[in-house]
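Me: I'd like to learn how to read a protein structure, one feature at a time. Can we go through one together?

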Amino acid sequence: IEAETVALAIAPPPSLIPLEELNHETRQALVNILCTTKWSGSFSPITGSGIIIDPKGVILTNAHVAQYYLLKNYLTKDFLSCVIRTGSPASPSYKADLIFIPPSWIKNNYKNITSSDPQGTGENDLALLLIKSKIIPTENLPASFPFIAPDYSEESVSVKTPVLLAGYPAGFLGGIAIQKDLWLVSTLASILDIFTYNKEPSYNIDVFSVGGSVVAQKGSSGGAVVSQKSGKLLGIIVTSTDASDTSGRDLRAMSVAHISRTLGAELGFNLSDFLSASKNEMEAVSQSFQDVIAPSLTKVLTDELDK
């Protein structure tokens, strides 16, 4: 906390958004996704991060976080429940529905569901959630949610671009602490390198490195990477290299451009098109996914768990 206070006191160059302002806006839109089971033994508390990207309450996160929505009725009805938490420390605020998770990601990563230290490239590791209600049923949802707008341009992702990283890191916490005492963390970084999943001659900016920091922990997956130049979302945290301390790790983020391309290929419309839809239309997409696609994805995961 002391280090963060010092960082916020440093005046940025005139072309950059003041860090205090950027930090406040990002923290308002950041969420923690916590999934727990009816009884212990099958899963420890599963925690990840997400960022609201639309005033209607659309949350962007990782597939490896949101896949647990597919296991709601594993073993018994309402066996696993996920809540959206906000604030610092994280406090239960909302319930959300799964809008979409790429079938290609489940196909390529379902075996990791039983791993305590899953490995992966981060390709297509995305999911969309839609906030549906408050935790307290009698309370109304806000008319508009605080959000960070996505930046779809690959040109915005360039080496040395200053960014704010924000997430709910939980790598050094036990299950009780995750549920009772999980704090939001944000820190300033810069883009160090850029990667693509494509082979030559085609080249897309799919993933970028933001180095090591306190955010480089389990639980930060799905956290925000926000440009200090534009205040827009450049990507979400997806993977990290391994090291004994967080400063020695290399945190990787999946670009908004890659996210939008994946949705276009697997859902039929890109992220920008989806966010321009009405909330009723978003709910229809979510229901169609639940009815048509989700059952087969759930079976793939439960078959692996039952082995």
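**Cysteines and cores**

Reply: Sure, let's begin with one cysteine: C82 is buried, with a relative accessible area of 13%. Keep in mind that this is a predicted model.

Me: Why does C82 count as buried?

Reply: The general idea is a cut-off: buried means under 20% relative accessible area. C82 has 13%, so it counts as buried. C35 is buried too, with a relative accessible area of 0%.

Me: How many disulfides does a search of the whole structure find?

Reply: You look for a pair of cysteine sulfur atoms within 2.5 Å. Searching the whole structure gives 1 disulfide. Its partners are C35 and C82, with sulfur atoms 2.1 Å apart. The link of C35 and C82 is right-handed, with 105° about the S-S bond.

Me: Which parts does the pair tie together?

Reply: C35 sits in strand β1 (residues 30-37) and C82 in strand β4 (residues 80-86), so the disulfide joins parts that lie 47 residues apart in sequence.

Me: And the nonpolar core: how many residues does the largest one have?

Reply: The largest nonpolar core has 73 residues, and I51 and L233 have the most contacts inside it. Helix α8 (residues 279-306) gives the largest share of this core, 7 residues. Another core, of 17 residues, lies apart from it; I191, I194, V210 and V215 are among its members.

Me: What is I51 in contact with, leaving aside its neighbours within four places in sequence?

Reply: With that set aside, the contacts of I51 include L30, V31, I59, L60, I148 and I236, and L233 is also one of them.

Methods. Residues are numbered from 1 along each chain as its sequence is written. This is a predicted model: local features need pLDDT of at least 70, side-chain atom pairs count only at pLDDT 80 or more; totals for chains, interfaces and linings use all residues. Side-chain values use heavy atoms; hydrogens and water are left out. A nonpolar core is a set of buried Ala, Val, Leu, Ile, Met, Phe, Trp, Tyr and Cys residues joined through side-chain atoms within 4.5 Å. Buried means under 20% relative accessible area, exposed over 50%, partly exposed in between (1.4 Å probe, protein chains only). Helices (H or I, at least four residues) and strands (E, at least two) are DSSP runs, numbered from the N terminus. Contact means heavy atoms within 4.5 Å.
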